[in-house]
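Biologist: I would like a close look at one part of this model, taken slowly and with the cut-offs stated.

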Amino acid sequence: MIKKKEKKKFKRKNIKLQNIEIDNLEKFEAEDLVEEKRAEKKIVEKSQISQKSNLNLKTGRILQVESNYKCRVKVAGSELICTLGGRLKQVNYETRTLVSVGDFVNVNLSQDPRIEKILPRKNALSRFSEESFQKEIIIASNIDQVIITASYREPEISPGLIDRYICAAQINNILPIICVNKIDLAECREDVKNKMKFYEDTGFVIIYTSAKTGIGIDDLREVLKNKETVFSGHSGAGKSSLINLLQPNIDLEVAEISNYTGKGIHTTTSSQLIEWSFGGYLVDTPGIKTFGLHREDKVYLPLVFPGFSQYVDECKFNNCTHSHEVGCAVKKAVNDSKFPAERYESYLRIFESL
Ligand SMILES: Nc1nc2c(ncn2[C@@H]2O[C@H](COP(=O)(O)OP(=O)(O)OP(=O)(O)O)[C@@H](O)[C@H]2O)c(=O)[nH]1
Ligand SMILES: [Mg+2]
Ligand SMILES: [Zn+2]
């Protein structure tokens, strides 16, 4: 995680206002209530003007986004299909997704259920499109952790993608956990461990699983208990298969043929929020090919890139970007073979792409 002090230093002015950091959920919920009351008051006032007095406003949570204007929402103990209120449908050039799975919303139940307000997000895991005006694509909001789901083979682990996930997660106050699935396809466990050595040495939680044999499923369940987790990663890595194994009655669609063809299959086509029977929630998401970070996150990158934290304090300049500066402790570690050159090259690729 970024040190508070550092984060303050780089505080951006007006971007991604929804990523408001909240220290504890209770406070967050309390703020929600205030927000809710305020929204309620506003809507009541509005309806009084328009002589509508039968307003029934309740807080719910988005389980699935069916289209840009239609969502499945858990509200007042039921699952309802809700449309987005007109005010929320206004064109927003910064985001491709108006609402996200995991959003808390105020729903007006007095007529056809309508979402009147999206409550402030605790955080969101988002990627950004590659166009020059980068649009936000929210993967999930209001979550504790992301299971970066990779597979040992078919498709092969992409460390570059893992690096991007880790950076995005840390910047947004989401705990990154790596899950290496399909370890049944490895000759031996050592091969898998060697591949992940850097991330293990750097202190990330890594869980090795096989949805085919069931190895590691208990370890995975342990980290999921009572947490709100999003599963994200390449298509075909086995996200839905793992979730099905953790909770058989969920019965998510998985790719039929385990013969990986190298093409993105994209079996899961829309994200959904589900409750675990053992406590907590999960979001299953469609696989992604690339993970674009936002240009304005570039300032955080030198602090959050995996493995850099132990060196940054020793760089000569405290705003060192570890790219061209003299007296850079990261570059020294690379030269002394203490930090893997491939990971440093991955950093430079991301840094320069922004
Ligand atoms: N050998 C092996 N195959 C697996 C394992 N886990 C999943 N698979 C197979 O991999 C294929 C893809 O699995 P899915 O669960 O659909 O993958 P996904 O990550 O949900 O993919 P998308 O929904 O497209 O993002 C399926 O054919 C699974 O049977 C595993 O641990 N070992
Ligand atoms: Mg899937
Ligand atoms: Zn440096």
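Which residues coordinate the zinc ion (ligand 3)?

Modeller: This is a predicted model, in which local features need pLDDT of at least 70 and side-chain atom pairs count only at pLDDT 80 or more, while totals for chains, interfaces and linings use all residues. Residues are numbered from 1 along each chain as its sequence is written, chains are lettered from A and ligands numbered from 1 in the order in which they are written, and side-chain values use heavy atoms, with hydrogens and water left out.

The zinc ion (ligand 3) is held by Cys315 through SG, Cys320 through SG, His322 through ND1 and Cys328 through SG, at 2.1 to 2.4 Å, where donors are N, O and S atoms within 2.8 Å of the metal (3.2 Å for Na, K and Ca), and where sites may look incomplete since water is not among the atoms. Along the sequence, these donor residues follow the spacing C-x4-C-x1-H-x5-C. The angles among the four donor atoms run from 104 to 115 degrees, and the site is tetrahedral, a label given to four donors if all angles lie between 85 and 135 degrees. For comparison, the ideal angle for four tetrahedral donors at a metal is 109.5 degrees. As for the surroundings of the donors, His322 and Cys328 are both buried, that is, under 20% relative accessible area, calculated with a 1.4 Å probe on protein chains only.

A second metal, the magnesium ion (ligand 2), has Ser240 (OG) and Thr268 (OG1) as its protein donors, at 2.0 to 2.2 Å. These two residues link distant parts of the chain, 28 residues apart, with Ser240 in helix H7 (residues 239–246) and Thr268 in the loop between H7 and strand S12 (272–275); helices (H or I, at least four residues) and strands (E, at least two) are DSSP runs, numbered from the N terminus. Ser240 and Thr268 are both buried.

Key: Four donors count as tetrahedral if all angles lie between 85 and 135 degrees; four count as square planar and six as octahedral if opposite donors are over 155 degrees apart and all others between 65 and 115; anything else is irregular. Buried means under 20% relative accessible area, exposed over 50%, partly exposed in between (1.4 Å probe, protein chains only).
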